[in-house]
Amino acid sequence: MALTREQMAQRVAQELKDGFYVNLGIGIPTLVANYVPEGIDVMLQSENGLLGMGRFPTEDEVDPDMINAGKQTVTARPGAAIFNSAESFAMIRGGHVDLTVLGAFEVDQEGNIASWMVPGKLIKGMGGAMDLVAGAENIICTMTHASKHGESKLLEKCTLPLTGAGCINRVLTDLAYLEIENGAFILKERAPGVSVEEIVEKTAGKLIVPDHVPEMTFD
């Protein structure tokens, strides 16, 4: 079975380390805030100017003025700081974010990412993704492995306009966790119940499959 959005967020949360400053992009990445492992302290950054983002609020905690970059209401943890977007992007561009988690339309075997526009469709702009992929060295990309029509999103070469070139080294899809190295996707883990054969079939880019590919585990 393919991973749910919540399971994808749980798997990404396993990559968090104590003391990390982490930027969460719009969509699935925002859910990671709900699954920070116990016993570690991380500061979650939202590029609209919040450092110390907490979990999503309960109904009686909702503050319409406290939002993330996707305009969803969020909470702030003790010690949080609020500042303007210029300072937020200075933090991103200055390389002060330890981990960036963002979504994508396509990723290819060279680590290129396309995440900001589909030609012919109305868009609001590229947001902060270009700054994030340029300013960060440690990036996890979350996405569905294939489109609703079954077409692979893990490609030999991106077909959509690029957000960044050669910047992605880890990808978590609803089917698998992969790393990108030397012009190839390397299959590291598979979703519970998903076969290696299905992942191979739905990966258009060069894929290296080790002898043993473990299933993901969730606490």
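Partly exposed residues are those whose relative accessible area lies between the cut-off for buried, under 20%, and the cut-off for exposed, over 50%. The exercises below concern a predicted model.

**Exercise 1.** Decide whether Arg-55 is buried, partly exposed or exposed, and treat its salt-bridge partner in the same manner.

*Solution.* Begin with Arg-55, whose relative accessibility of 39% makes it partly exposed. Next, identify the partner: Arg-55 forms a salt bridge with Glu-61, and the closest N and O atoms are 3.0 Å apart. Finally, Glu-61 has a relative accessibility of 32%, so this residue also counts as partly exposed.

**Exercise 2.** Find which parts of the chain are tied together by the salt bridge of Arg-77 and Asp-41.

*Solution.* First, the contact itself: the side chains of Arg-77 and Asp-41 meet with an N to O distance of 2.6 Å, which satisfies the limit of within 4 Å. Second, because Arg-77 belongs to strand S4 (residues 76–82) while Asp-41 sits in the loop between strand S1 (21–24) and strand S2 (43–46), the pair connects parts that are 36 residues apart in sequence. Third, the accessibilities are 26% for Arg-77, which is partly exposed, and 39% for Asp-41, also partly exposed.

**Exercise 3.** Work out the strand order of the open sheet that three strands form, and locate its edges.

*Solution.* The order is S7-S6-S9, with mixed pairing. The edges are strand S7 (113–114) and strand S9 (154–155), each of which pairs on one side only. Strand S6 (residues 106–108) runs parallel to S9 and is joined to S9 by two bridges; within this pairing, Val-107 has Leu-154 of S9 as its bridge partner.

Technical notes
Residues are numbered from 1 along each chain as its sequence is written. This is a predicted model: local features need pLDDT of at least 70, side-chain atom pairs count only at pLDDT 80 or more; totals for chains, interfaces and linings use all residues. Side-chain values use heavy atoms; hydrogens and water are left out. Two strands pair if DSSP finds at least two bridges between them. Helices (H or I, at least four residues) and strands (E, at least two) are DSSP runs, numbered from the N terminus. Buried means under 20% relative accessible area, exposed over 50%, partly exposed in between (1.4 Å probe, protein chains only).
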